[in-house]
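Got your viewer open? Let's take a short walk through this model, one selection at a time.

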Amino acid sequence: MERKLKSSELKLMARRVLAGKYGISVGMQVVVGLLTLLGGIVTCVPLFMVIIGAELRTGAEAMVFGGLAAFFVLLALLCALSVVLTAGVLRFFYHICTGQAFGMGDLLYGFKNKWWRFVGLGFLLTVIGLIIGVPQSIVQAARTANPWATWLYGLELFLTLFTFVVSVVISLFFGQAVYILVEDRDKKVFSSLAESVRLMRGNKGRYFYLSLSFIGIYLLSFCTLGLGYLWAMPYMYCTYIYFYLDIKKRYQADTGAVCR
């Protein structure tokens, strides 16, 4: 049985494979950032219709409701495009980590390879997150309507912590699903979720510790007004991909199964 790679070893592998590749990695993220900014601007245009309609007050109901409807439609579209684009980003770094040819063209991977799988996975996880957050939202609304009920503050705090813990648990079980979809063009959403659960058996503690070890990098990048993320994100992407490749390799070695 092969031993598990330590977090420090995974990070060292990420630093080594990125040597000489930070230029294109940063450039790729700049492109993604600009596309996201453009999408955000376009999405917010309908809100100006809402503001103008509110200012006109009389006879502007159609403008207000139309603007809100357009905003939510564009927002949903932007989220879907963002998920598919993220698949391309992960494919880019997956190619780097596995020694394959890589380039800006990888950003289109999600659009060319059954984009609905990535949208479906993102939608499913979002719905789960919304369901988990329902009790907290209800209590928060009740607290706003009844500010004198001090016990609601304690309940809201408890539900906030509970929601956070459940979200972490979900990531521990299903966090590898996106890498599975990126790696295998034929893998379906529910199959990737089931495979993620199998791969994470005995590895949840490692994944949790690995995630915590990046807190310092997040803080340092934040202190640089976000510019540090251009270099930090490739490092983290590659580390997580090496983690995925490691647990997949160990799973295959231990069970003789082939993850496909």
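Start with the whole protein chain in cartoon view: you'll find eleven helices and zero strands (helices are DSSP runs of H or I of at least four residues, strands runs of E of at least two, numbered from the N terminus). This is a predicted model, where local features need pLDDT of at least 70, side-chain atom pairs count only at pLDDT 80 or more, and totals for chains, interfaces and linings use all residues. Residues are numbered from 1 along each chain as its sequence is written, and side-chain values use heavy atoms, leaving out hydrogens and water.

Zoom out for a moment. The C-alpha atoms fill a box of roughly 70 × 45 × 40 Å, taken along the principal axes.

Next, select residues 7–18, which form helix α1. Which residues of α1 are buried? They are S7, L10, K11, A14, V17 and L18; buried means under 20% relative accessible area with a 1.4 Å probe, counting protein chains only. Now look down the axis of α1: the buried residues fall within an arc of 130°, so they line one face of the helix (the arc is taken from the directions from the helix axis to the C-beta atoms). Just after α1, click on G20, whose phi is positive, near 80°.

Now pick helix α5 (residues 115–145) and helix α8 (residues 189–199), which pack at an angle of about 60° with axes 9 Å apart. Axes here are lines fitted to C-alpha atoms, for helices over the stretch in contact, and angles run from 0 to 180 degrees between N-to-C directions.

Last stop: show side chains for R117, G120, L121 and L124 of α5, plus V189, F190 and L193 of α8, which make the contact (heavy atoms within 4.5 Å).

Note on methods:
The expected span of a helix is 1.5 Å times one less than its number of residues. Buried means under 20% relative accessible area, exposed over 50%, partly exposed in between (1.4 Å probe, protein chains only).
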